[in-house]
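Please take the sequence and the structure together, and follow the chain slowly from one element to the next. The paragraphs after them are meant for a reader who has not met this structure before.

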Amino acid sequence: MKKTPQTIELTNESDRTNINSVQIIPTSLSRTALYDKFKSKIIHNPSLSRTLVSFQANKQAPFSAWFKYKEGFSERLVTYLLQTLKPQPGILLDPFSGVGASLFAASGLGWETIGIELLQVGIFATKARLIAQKIDINLFNKVIAEIKQINFAEYYHPSHALQHIPITRGAFSVVEEELLVGYISYCHKFVMNDDIRNLLLYAAFCILEDISYTRKDGQYLRWDSRSGRSLGKIPFEKREILTFSDAIHQKLNQIVSDLDASSIQLDLFADSLPSQFTVNPKLYQGSCLEILPTLQENSIDFVLTSPPYANRYDYTRTYALELVFLGCREEEIKHLRQTMLSCTVENRDKRPQLEQYYKSLGRQPEFLKVDSIFQQHEVLQEVITILETYKKQGKLNNAKVARMVHNYFYEMCFVTYELARILKPGGIVAMVNDNVRYAGEEIPVDLILSDIAESFGLTTRYIWTLGRGKGNSSQQMGNHGRSELRKCVYVWEK
């Protein structure tokens, strides 16, 4: 690879060794061997930060800032990784594309992009942004001016009422929910232009948390004490709960401002923009466990993604308001929870379905190969055995954590195998992920997944670490100290 100032900076010996605060301490011969195998690849990358590899850097970015998708990474990270690792555009895939940060940022650099996303939340957000890029701005501004004069309570219609599930019931005050439903009803009845209607509905989608008694908090929704729902030991209050009118006007103003600025920029640089700017991302809705095996071998130049972490976060709960807004019912949400990559304690074993699926594709030998890699990985099986022991001893705060970790790595084995299969020779995988800890047992996700990737023919170029790792929960710190967990970007090459 041609060296740049960034890569020269990353190969300094001080950068290789400046990880003492976050490195694991091997606890067995097999774990020591695994750590030694990748020790030279673990490099502190000073260009990376928690802001860059999270939603934080998108908060002021046009389009990306409209919807707070906290589980995504920033578009600036996409730009950095592509320009550093493979500046010549080609075909990029994100198998966990979320709201499309990688797809849009890469498209802006001339890449052809493909996204796979299971949850309707990400699909809706991605489609809304595609609409925004082609919207008639003058007509949109005219509709906005009319909307700002409307009392939406007058347009309420029960056919558009939210069909709440138990986790979202009571999320809004009666008055504000009535206005929200009135707005939805108005859009469906009086806004004839499909693109404008969908973008208006997306604006309401983007403010659901702002006008609710809830806040997304990793594994669940945290409820404000004003909600009247049962509360924890320490009452929680959001800083501000916006009225529907204030929130929707602010969001529409933000959208209009970004569209106007984008229009001016396109006019100024229209002659110099590459033709790829007009190519929309190709978007698949579904599980990457089912879609990746259908993609052509040696067809992708760059995979850039962040899979769900093995941290018990349940997107179907944290984004329950948005799923209900999109019309998802309780049974559908339960199905989504089981279909998504196993990262919650409720996920069941997918091995039978995966075996049957690979058989239906005429690829049973490949299924057996991936299954064998999982079963024979010494460190991974050691980790699972330790967690099973902790489960029997009552040390885990949830007895199903051991099963979740088992299922997570089992499914990630198949994801990694398929990424290696569809990647072109010379292609790159860049993956954002965190290590995790349960009952004091640190799970070196970065080392295990990199080792599995090498079993499938990939080479680990870097395991880039952030200067500041991820801390423990207060309970973990009390029991096991304050040692940080590595937060990484893995770079694998075929």
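What follows is a walk through a predicted model, beginning with the sheet, going on to hairpins, loops and a helix, and ending with cavities and cysteines.

The sheet is a good place to start, since several of the later details refer back to its strands. Eight strands form an open sheet, and their order across it is β1-β11-β12-β8-β7-β2-β3-β6, with mixed pairing. The edges are held by β1, residues 42-44, and by β6, residues 282-285, each of which pairs on one side only. From one strand to the next the twist averages 20°. As background to the pairings described below, strands of a sheet pair through backbone hydrogen bonds, in either the parallel or the antiparallel sense.

Within this order, strand β8, residues 423-434, can be followed to its partners on both sides. With strand β7, residues 300-305, β8 pairs in the parallel sense, and five bridges join the two. Two of the residue pairs can be picked out by eye: F302 has I428 of β8 as its bridge partner, and T305 has M431 of β8 as its own. With strand β12, residues 487-493, β8 runs antiparallel, and here seven bridges make the connection. In this second pairing V429 stands opposite W492 of β12. The reader may also want to recall that in a regular strand the side chains alternate between the two faces of the sheet.

How far are these strands covered by the rest of the structure, and how many residues of β8 are buried? Nine of the twelve residues of β8 are buried, and the strand is accordingly described as mostly covered. For β7 the count is six of six, so that strand is largely enclosed by the rest of the structure. Strand β7 also pairs with strand β2, residues 91-94, in the parallel sense over two bridges. In that pairing L92 stands opposite F302 of β7, while the bridge partner of F302 in β8 is I428, and in this way F302 can be traced to a partner in β2 and to another in β8.

A separate antiparallel pairing is found between strand β4, residues 214-217, and strand β5, residues 220-223, which four bridges join. One of its residue pairs brings R215 together with R222, its bridge partner in β5. The two strands form a hairpin with two residues between them, and in this hairpin G218 takes a positive phi near 70°.

Positive phi values also occur in residues other than glycine. A439, which lies in the loop between β9 (436-438) and β10 (441-443), has a phi near 50°. F63, placed in the loop between β1 and α4 (75-85), has a phi near 70°. F63 counts as buried because its relative accessibility is 13%, and buried means under 20%.

Among the helices, α19 spans residues 445-455 and contains A453. A453 has a relative accessible area of 0% and is therefore buried. Its C-alpha lies 6.1 Å from that of T416, although the two residues are 37 apart in sequence.

The interior also contains enclosed space, and a search of the whole structure finds two cavities of 30 Å³ or more. The largest cavity holds about 120 Å³ of space, and its lining includes F63, W66, E75, R129 and Y202. Sorted by class, that lining has seven nonpolar, three polar and two charged residues. The second largest cavity holds about 40 Å³, and among the residues that line it are F55, Y69, G72 and F73. Five nonpolar and three polar residues make up this second lining, which has no charged residues. N58, S64, F67 and V99 appear in the lining of the largest cavity, and these four residues are also found in the lining of the second largest cavity.

Finally, how many disulfides does the structure hold? The structure holds zero disulfides. Two cysteines may nevertheless be looked at for their surroundings: C206 counts as buried because its relative accessibility is 9%, and C288 counts as buried because its relative accessibility is 4%.

Terms used
Residues numbered from 1 in each chain as written. Predicted model: local features only at pLDDT ≥ 70, side-chain atom pairs only at ≥ 80, totals over all residues. Heavy atoms only, no water. Disulfide = S-S within 2.5 Å. Buried < 20%, exposed > 50% of the residue type's maximum accessible area, 1.4 Å probe, protein only. 1 Å grid on protein atoms, 1.4 Å probe; cavity = no way out; pocket = protein on both sides within 12 Å on 5 of 7 lines; lining within 4 Å. Points joined across faces, edges and corners; volume = space filled by probe spheres on them. Nonpolar A, V, L, I, M, F, W, Y, C, P; charged D, E, K, R; others polar. Pairing = 2+ DSSP bridges. Axes fitted to C-alpha atoms, helices over the stretch in contact; angles between N-to-C directions.
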